Amino acid sequence: MNTPGETPAFALWFTGLSGSGKTTLGQMLLPRLRVINPLVKLLDGDVLRNGLNNNLGFSLADRSENLRRAAEVSKLFVDSGFITVNCFITPTHDVQQMVQQIVGAGRLVTVYLDTPVEVCEQRDVKGLYQKARQGLIADFTGISSPFEAPENPTITLSTHLMNSEQAVEKIMGVLGMDG
Ligand SMILES: Nc1ncnc2c1ncn2[C@@H]1O[C@H](COP(=O)(O)OP(=O)(O)O)[C@@H](O)[C@H]1O
Ligand SMILES: [Mg+2]
């Protein structure tokens, strides 16, 4: 991905259900990644939906546009020498492939958080699963909107079988940036 001696620039892209751990792990990775490249940018779906993407909903078409914009922003940062940490559900093969096409396969590290919907629902960090079950939220991923596991993720982590520190170490290890 990077020539030896060069400061690495790439997009680390978390994929997984709401509550699988994307934001938690993304934020924990920031100081670790800054050791190898001071230019690190976190792009989080919830944050982008408050600004750049605040005119989009959760239909598959709007999710696709949400991710198209996110991937284009991520690409701009990587082009400028950043490591980006991207926290988006990225629910379907279509949008997963689009992200890869926009960012470029050679600069994309995908981390699939393979956490069962039952575990995410039990965590219910933001109370959204309960609302989705009550019918108060439509098109909720894993409940009333599809989630397709990515086909060839760089890293797959079962965040219900390890703690977040172990997950971070695993990612840093696969990146060759441990120790
Ligand atoms: N191994 C793990 N990795 C990440 N989060 C974990 C792990 N184990 C438990 N958790 C918990 O799961 C929740 C994940 O929530 P969050 O990071 O907001 O998910 P997402 O951003 O994917 O919606 C947090 O409360 C976190 O503490
Ligand atoms: Mg999140």
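Select Leu25 first: in this predicted model, Leu25 is buried, with a relative accessible area of 3%. The residue belongs to helix α1. Display its surroundings and set aside the neighbours within four places in sequence: Leu25 is then in contact with Phe14, Leu113, Thr159, Ser164, Ala167 and Val168. Next, draw a distance from Leu25 to Arg123. These two residues are 98 apart in sequence, and their C-alpha atoms are 15 Å apart in space.

**From Leu25 to helix α7**

Two of the contacts of Leu25, Ala167 and Val168, lead to the next stop. Select α7, which spans residues 164-174. Which residues of α7 are buried? They are Ala167, Val168, Ile171 and Met172. These residues lie on the same side of α7, because they cover an arc of only 130° around the axis. The spacing follows a general rule: an α-helix has 3.6 residues a turn, so residues three or four places apart point the same way. Now add β1, α1, β4 and β5 to the view, since the buried residues of α7 pack against these elements.

**Strand β4 and its partners**

Select β4, residues 108-113. Six of its six residues are buried. Colour the strand by face: Leu108, Thr110 and Tyr112 are on one side, Val109, Val111 and Leu113 are on the other, and both faces are covered. In a regular strand the side chains alternate between the two faces of the sheet.

Which strands pair with β4? One is β1, which pairs with β4 in the parallel sense over six bridges. To locate this pairing, select Phe14, which stands opposite Val111 in β4. Phe14 has already appeared in this tour as a contact of Leu25. Another partner is strand β5, residues 155-157, which pairs with β4 in the parallel sense over three bridges. Here, select Tyr112 and Thr156: Thr156 in β5 is the bridge partner of Tyr112.

**The second largest pocket**

Thr110 of β4 leads to an open space. Select Thr110 together with Gln96, Gln100, Pro150 and Asn152; of the 16 residues that line the second largest pocket, these lie nearest its centre. The volume of this pocket is about 300 Å³. Elements that give two or more residues to its lining are β1, α4 and β4. The most comes from α4, with five residues. Coloured by class, the lining of this pocket shows six nonpolar, nine polar and one charged residues.

**The largest pocket**

Move next to the largest pocket, which holds about 710 Å³ of space. Its lining has 35 residues, and those closest to its centre are Ser18, Gly19, Lys22, Asp46 and Lys126. Select α1, α2, α3 and α7 to see the elements that give two or more residues to this lining. The largest share, four residues, comes from α1, the helix that also holds Leu25. By class, the lining of the largest pocket divides into 14 nonpolar, 13 polar and eight charged residues.

**Ser18 and the cavity**

Keep Ser18 selected. Is Ser18 buried or exposed? Ser18 has a relative accessible area of 10%, and residues under 20% count as buried, so Ser18 is buried. Ser18 lies in the loop between β1 and α1. Not counting residues up to four places away in sequence, Ser18 touches Ile89, Cys120, Lys126, Leu128, Tyr129 and Phe140.

Several of these names return at the next stop. The structure holds one cavity of 30 Å³ or more, with a volume of about 30 Å³. To see its lining, select Ser18, Gly19, Cys120, Asp124, Val125, Lys126, Gly127, Leu128 and Tyr129. Four of the lining residues are nonpolar, three are polar and two are charged.

**Last stop: Glu121**

Finally, select Glu121, in helix α5, residues 117-123. Glu121 is partly exposed, with a relative accessible area of 23%. Leaving aside neighbours within four places in sequence, Glu121 is in contact with Tyr129, Arg133 and Ile143. Among these, Tyr129 also lines the cavity. To close the tour, draw a distance from Glu121 to Gly142: the two are 21 residues apart in sequence and 9.4 Å apart in space, C-alpha to C-alpha.

How values were computed:
Residues are numbered from 1 along each chain as its sequence is written. Chains are lettered from A and ligands numbered from 1 in the order in which they are written. This is a predicted model: local features need pLDDT of at least 70, side-chain atom pairs count only at pLDDT 80 or more; totals for chains, interfaces and linings use all residues. Side-chain values use heavy atoms; hydrogens and water are left out. On a 1 Å grid over the protein atoms alone, a cavity is a set of points where a 1.4 Å probe fits but cannot get out, and a pocket is an open set with protein on both sides within 12 Å along at least five of seven lines; lining residues have an atom within 4 Å of a point. Grid points are joined across faces, edges and corners, and a volume is the space filled by probe spheres set on the points. Ala, Val, Leu, Ile, Met, Phe, Trp, Tyr, Cys and Pro count as nonpolar, Asp, Glu, Lys and Arg as charged, and the others, Gly among them, as polar. Buried means under 20% relative accessible area, exposed over 50%, partly exposed in between (1.4 Å probe, protein chains only). Contact means heavy atoms within 4.5 Å. Two strands pair if DSSP finds at least two bridges between them. The arc is that of the directions from the helix axis to the C-beta atoms.
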